[in-house]
Amino acid sequence: MNILGLNITRFLILLLLLTGNTYPQLFSFGRNKVQYESFNWKIIKTEHFDIYYYDEFGEMAEIGAAYAEEAYSELKVKFNHNVINRIPLIFYNTHLHFQQTNTLPGFIPEGVGGFFEFIKGRVVIPFLGSLEEFRHVIRHELVHVFMTSKLMNQVRDHRLIEEKYPPLWFIEGLAEFWSTSWDSKAEMVMRDAVINGLFVPVHNIDRISGSFLMYKEGQSFLIFISEEYGSTKVSEIIENFWKFKKFEDVLEFTLGEKIAEIDKKWEYSLRKRYFPLLNKKKPHAIDSKKLTIDGYNFSPRIISNAKDSSLFYIANVDGYSSIYKIENYYEKIFEDESVPKLFIRGEKTAVFESFHIFQPSLAISQKYIAFVSKNEGSDVLYICSIEDGNILTEIKHKKMISIKSPSFSNDNKKLVFSAIDNKGFSDIFLFSFADSSIQRITDDYYDDKDPVFDQNNSDIVFSSDRTEGTHAGKYNLFRYDYSEGTYEYITYVGYDITMPKFSPDFKTLFCLAEVNDIQNIWRLETDSLSNNKMCMFKVTDFITTVLDYDPINNEEIVYSGFEEFSFHLYYYKKSGRDSAREKIEFEYYGAFGKWIPESINLSSEAGGLEYENEYTIDYAVSQVITDPVYGTRGGALFTLSDLLGDDRYMFLLYNTAEVQSEILQNFNIAITRVNSEKRSNIGYGIFHYNGRRYDIRESDEFFYERSYGGFFSLIYPLSVFRRLEASVSIANTDKEMPENLFISQKSLLLSNSISLVFDNSLWMPTGPLDGTRYRVLMGYTTDLRYSNINYYSIIADFRHYLRTSFRSTLALRTSIYINDGKQPRRYFAGGSWDLRGWPRWSVRGEKLWLSSAEFRFPIIDQIYIKFPFFGLGVAGIRGALFFDAGGAWDSEYDETLGSLGGGIRLNLFNIIALRYDVGKKIENDFKNFQPRLFYQFFFGWDF
Amino acid sequence: MKQITIILLIILITSCTRQIIINDINTNSEGLFQFGKTPERDFYFDTDLPDSLIFEKKYSISGSFNNSSMVFYDEYAFAGDLSGNIYAINLDTKKITGTQNNKGGVFVCPIINKLRLFYVTDNLDSRNSTFYMYDFYLNIYHAKIEIPGSCRNEMVKTNDAIFLLSSDGTLYKISLMGEIIWIRKTNATTYCNPAADESNIYWGNSSGQVIKVSLNDGSILGQTKQYTAIEGGITIRDGLIYVGDNAGNLSCFNTDLQKIWEYQTSAKIISNPAVSDSIIIFGNLEGNIYCLDRNFGKLIWILKTGGIINTTPIIFKNFTVVADLNKKIHFIKNEDGKLEKQIELEGRCKLSPSFFKGSLFIGYDRGNLLELKYE
């Protein structure tokens with residue numbers, strides 16, 4: 001959630017820090033974005049870019065720089081536009097480091113391959129191992145840069161008042177259209193959408209906004225426009241963008257037809273293209289047996305011996321990616337439901353912080369299971385026992401940041417895998433169990449992956465894009481002779497061949513091949529009909545993609561396939577048709593001439609420059625308001641930060657004077673700096689406040705207070721889930737006493753607090769659904785000069801969410817707040833956020849306790865009402881049944897209050913949740929219900 | 001309170017723009033009355049451009065320039081902007097004399113005929129454009145014609161008519177009294193500046209055809225087969241028709257639309273080439289500027305600027321002046337393509353350079369117009 005470009009956790013912390021007198025009751029939870037490493041940033045300056053990289057990523061950064069300049073040259077022609085300002089490109093050498101970036105305040109999910117942030121015009125890209133993918137992402141993001149610059153100039157040139165942007169499907173569709181050709185991922189998604197009735201036409205495409213299908217539909221639509229209406233039409237759409245308020249009008253004007261007509265033609269062209277596939281190919285659900293029912297399921301791995309036939313896989317079924325097991329899977333293949341067991345839970349503890357479900361991350365031997373998990377700043381390869389799941393070994397190395405595709409040797413003595421290092425090189429590594437040594441097999445910028453041992457454990461077969469010559473850059477299979485240290489081609493073809501796997505008897509070598517835009521399983525062998533040339537034969541011929549697989553034997557395979565926009569595991573048995581299927585022969589004579597990626601030519605002044613903080617404004621707003629009661633108020637807020645987002649300054653200035661003579665003394669200023677470059681996030685600042693304050697002690701009372709001082713805070717994340725917070729503030733205050741406005745009280749307040757916060761909760765649209773959150777705080781506030789105020793604070797707030805089904809939960813909360821001493825502040829409760837039914841903030845005391853139990857469940861997933869001239873839709877209406885109890889007192893406990901009822905919640909655009917509750921208060925020290933019902937409407941997330 | 005009212009009134013009055021009313025124009029004066037001076041599009045000036053150019057004046061209009069040019073008459077210059085305005089600038093007093101406000105964008109150069117200004121606006125929030133005939137002496141509009149589609153192709157003025165080509169490939173012949181004489185539809189998307197010789201008008205379209213239409217009755221007299229889409233402008237010289245296309249090819253046709261030669265460059269060409277007696281000079285969106293022998297299409301020189309050339313150069317006897325979207329003006333020696341001088345501006349160059357009465361006019365970002373005088 002974002003407010004003013006900062007996430008809500010940090011914003012609230014900052015806001016509270018800015019007040020000088022902390023209100024610990026308002027502190028919140030949230031996970032931590034941990035900076036595990038300190039990066040030594042450098043800059044490469046090219047003609048149009050400032051490229052930021054760190055540590056040893058220099059060689060890849062120079063290649064990326066060449067890609068960027070190449071893309072610039074092409075895009076300036078496509079857009080007929082140049083970007084005048086230098087473009088900052090920030091490269092991270094792996095996705096794990098990319099997730100630590102402070103250029104965006106929020107968390108970055110695994111599926112995000114890069115982004116363009118338009119406030120500072122930064123492009124931030126992780127390197128994922130493949131140079132071709134690197135090039136694609138750079139070009140994709142630069143399309144965003146050019147488009148944004150072009151359209152902003154258009155709006156300015158035409159002096160249009162309102163800023164506007166095209167819809168997201170066009171923005172992303174254009175970025176894909178002009179950065180890459182149609183590939184297997186795109187084909188997989190579109191085939192599935194059209195054949196399975198998931199296709200959404202342009203006039204309704206908001207329904208799938210933000211999804212991967214939207215990206216690909218956007219790209220497909222632009223390809224269609226180009227083919228059907230002319231190659232110049234996409235550029236024309238951009239040139240006509242200024243002309244109309246609604247983007248649909250721009251489309252209709254440019255293409256000369258109504259949207260409905262265009263949609264019909266597009267859909268027709270897709271059906272013509274894809275429906276005939278049903279003649280020759282089969283869906284997974286028809287040609288295979290589906291083994292899983294829920295969630296996203298990947299990396300199937302089989303163990304088959306006399307004692308055990310289990311299927312292990314990684315899946316996200318309930319919001320947490322975990323490892324699951326189906327025991328005796330073979331017998332259950334033809335049962336309607338095989339119930340998986342949770343084997344290892346991921347993403348709830350720091351040890352298994354994240355499983356990379358989109359990558360092959362699992363390996364099985366007869367006794368062990370190897371899997372990859374993120375642990376702090378890098379991946380760790382865990383070896384655990386198949387029987388009980390106990391961790392036996394952890395494999396990690398400072399040179400290996402991202403790890404994937406592990407594979408055991410047949411004798412269980414070695415493990416081979418692929419990893420990305422600090423240089424960004426994706427290479428093959430070998431771990432020996434005997435001496436726990438790690439040996440590097442390859443060491444270059446080619447993307448080497450999916451290694452497996454051969455039968456004798458002497459050679460390693462792997463996939464790599466080091467292919468030379470005619471098919472330069474394509475992924476082919478190579479055999480590495482471990483004893484000789486040499487490579488040779490196994491396949492040589494112009495398609496991407498990945499994931500080699502031997503059948504258990506090593507008679508067959510299978511692989512995945514992307515032929516004709518779809519990835520299927522093939523097998524390799526020499527063909528007597530082709531003079532014993534090495535060939536590959538198609539094994540599966542599905543409509544949509546096979547992502548991962550494991551052969552049971554030469555005839556049967558378990559695999560992960562994509563269908564109906566979900567990822568499931570399937571069992572497949574070869575039929576006699578295999579011999580009639582496609583065959584591809586390899587001709588190796590074209591395999592010469594190493595391909596070397598272009599790199600930028602740099603002068604000595606332009607490369608490897610040390611990064612110096614460059615600050616620019618993030619946000620600036622000012623406002624003057626006039627109110628008949630409070631008079632005129634005015635103020636300004638602006639923030640600035642450095643290019644990497646590590647160092648931020650906030651300046652707040654406003655005036656609360658009610659008469660002219662008070663202007664000077666009623667200036668309120670706060671200056672804050674927050675530095676999150678390192679693991680410890682530090683904030684400090686100074687403030688001066690003067691004006692009326694609301695008295696928490698009594699309702700509807702205001703008093704005048706002048707307060708100035710400074711503060712310091714430290715946040716130290718122990719893990720992504722747990723952190724320590726500490727703060728100190730000192731403030732000189734002078735305030736009217738509400739009881740007698742002629743008397744003022746001065747004090748020099750020193751406030752300290754330390755907190756432990758934990759949060760591993762999983763969220764649904766209106767609040768947490770699973771996991772736990774808690775905060776424990778201890779604090780002390782004292783008046784150093786006059787001893788007017790002197791109290792300690794304790795807060796303990798514990799919340800747990802017991803998942804009852806996929807989308808329902810029983811949420812429990814219990815909390816205690818204590819301020820004890822001289823003139824302690826009061827805590828407050830009452831209102832929709834805690835004691836429902838009771839007026840907001842009406843329950844006050846120096847001590848407060850609260851408990852709640854709430855059952856949360858879905859009511860309506862989506863409702864759309866079509867009126868004659870417009871439609872109205874809402875999604876995700878959720879319900880709640882609640883019980884609240886609490887009490888507040890100063891010195892003697894007064895009474896226990898409570899409430900009981902039900903309500904509905906609605907998430908609006910992920911910015912705010914609206915809540916409406918109905919119920920009865922429990923009054924009179926919990927003795928009776930209120931006679932009538934209460935009705936309470938407010939906003940805010942569930943606790 | 002009274003003071004505030006007066007101040008507000010002053011602001012209101014001064015911020016309202018004056019219309020273009022010019023009573024003192026000398027109708028016998030010289031001028032550049034349309035884009036490229038003539039219907040054939042002539043960007044050649046038979047004079048030497050001296051080495052020293054001095055800064056004369058920087059004008060600012062309230063809008064932003066298009067990728068077109070300016071016209072001149074007597075002591076006045078006229079230009080349009082992308083917020084729909086037409087400006088008249090008095091080159092003597094160095095002031096903006098008046099503005100005609102419209103809603104939309106003016107993408108093409110206005111045309112002057114005697115005391116009348118012809119221009120067209122691409123309307124905002126509308127599928128139409130509007131053709132205007134404005135009398136700046138009498139301060140009245142004699143004609144306002146709604147034209148379906150966008151109008152982003154330069155108009156052509158002949159002795160007795162104005163030809164307007166809309167983006168849907170419809171050609172309008174409009175009399176100098178502001179009446180439509182005939183309309184010829186071709187139903188092909190067209191973003192190409194047409195040019196005309198004595199009897200015919202020629203343009204290219206997005207299907208890659210070059211079309212020849214009779215000026216007299218609008219009949220289609222010929223069209224080439226389809227090549228790559230054409231968004232460059234047509235320039236005619238001595239019976240040869242020159243045009244660039246989206247594949248970066250510069251082609252030369254005769255008036256029977258037979259291709260004489262073709263030269264391949266690396267990127268899209270969207271501006272008119274400039275032609276002199278012996279050479280043809282043009283730029284492409286990759287920022288390369290080419291000089292070819294105009295009769296045979298042989299390369300004489302290339303200058304790679306790294307910028308974007310999307311407007312038409314102007315050729316003098318010694319130099320060629322090229323506006324670069326990359327905030328530069330290049331002064332290039334015709335004989336060898338060497339960069340003699342380069343002026344860096346504060347913003348992107350938008351207008352094709354214009355030359356009138358010894359002054360060079362360069363229009364760039366945010367409505368800035370630079371006048372350089374040579375001495």
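**Exercise 1. Which residues in α6(A) are buried?**

Work on the predicted model. Identify them, then interpret the result.

*Solution.*
- Step 1. Apply the cut-off: buried means under 20% relative accessible area.
- Step 2. List the residues that pass. In α6(A) they are S184(A), A186(A), E187(A), M188(A), V189(A), M190(A), R191(A), D192(A), A193(A), V194(A) and I195(A).
- Step 3. Interpret. Eleven of the twelve residues of α6(A) are buried, so the rest of the structure largely encloses this helix.

**Exercise 2. Check the length of α6(A) and describe its two ends.**

*Solution.*
- Step 1. Helix α6 of chain A covers residues 184-195, twelve residues.
- Step 2. The rule is 1.5 Å times one less than the number of residues. For α6(A) the expected span is therefore 16 Å.
- Step 3. Compare. The end C-alpha atoms of α6(A) are 16 Å apart, which agrees.
- Step 4. Look at the start. A side-chain oxygen of D183(A) comes to within 3.3 Å of the backbone nitrogen of K185(A).
- Step 5. Look past the end. G197(A) follows α6(A) and has a positive phi, near 70°.

**Exercise 3. Describe how β19(A) and β20(A) are connected.**

*Solution.*
- Step 1. Locate the strands. In chain A, β19 is residues 426-432 and β20 is residues 437-440.
- Step 2. Establish the pairing. Four bridges join the two strands, which run antiparallel.
- Step 3. Find a facing pair. S437(A) in β20(A) lies opposite S432(A).
- Step 4. Classify the connection. β19(A) and β20(A) make a hairpin, with four residues between them.
- Step 5. Inspect the turn. There, S436(A) has a positive phi of about 55°.

**Exercise 4. Characterise the surroundings of Y368(A).**

*Solution.*
- Step 1. Place the residue. Y368(A) belongs to strand β14 of chain A, residues 368-375.
- Step 2. Assign its exposure. Y368(A) has 25% relative accessibility, so it counts as partly exposed.
- Step 3. Collect contacts, leaving aside neighbours within four places in sequence. Y368(A) touches A363(A), I383(A), C384(A), I386(A), L392(A), F408(A) and N412(A).
- Step 4. Take a distance. F909(A) is 541 residues away along the chain, and its C-alpha atom is 46 Å from that of Y368(A).

**Exercise 5. Test chain B against the globule rule.**

*Solution.*
- Step 1. Count elements. Chain B has one helix and 34 strands.
- Step 2. Apply the rule. For 375 residues, a compact globule would have a radius of gyration near 21 Å.
- Step 3. Compare. Chain B has 20 Å, which agrees.
- Step 4. Add the extents. Its C-alpha trace spans about 75 × 50 × 40 Å along the principal axes.
- Step 5. Add burial and surface. Buried residues make up 63% of chain B. The chain exposes about 14,200 Å², and carbon and sulfur atoms supply 49% of that area.

Terms used. Residues numbered from 1 in each chain as written. Chains lettered and ligands numbered in written order. Predicted model: local features only at pLDDT ≥ 70, side-chain atom pairs only at ≥ 80, totals over all residues. Heavy atoms only, no water. Buried < 20%, exposed > 50% of the residue type's maximum accessible area, 1.4 Å probe, protein only. Polar contact = N/O pair within 3.5 Å; in protein donor to acceptor, adjacent residues only side chain to side chain. Pairing = 2+ DSSP bridges. Contact = heavy atoms within 4.5 Å. Rg over C-alpha atoms; globule rule 2.2 N^0.38 Å. Areas by Shrake-Rupley, 256 points an atom, 1.4 Å probe, with all protein chains shown as cover.
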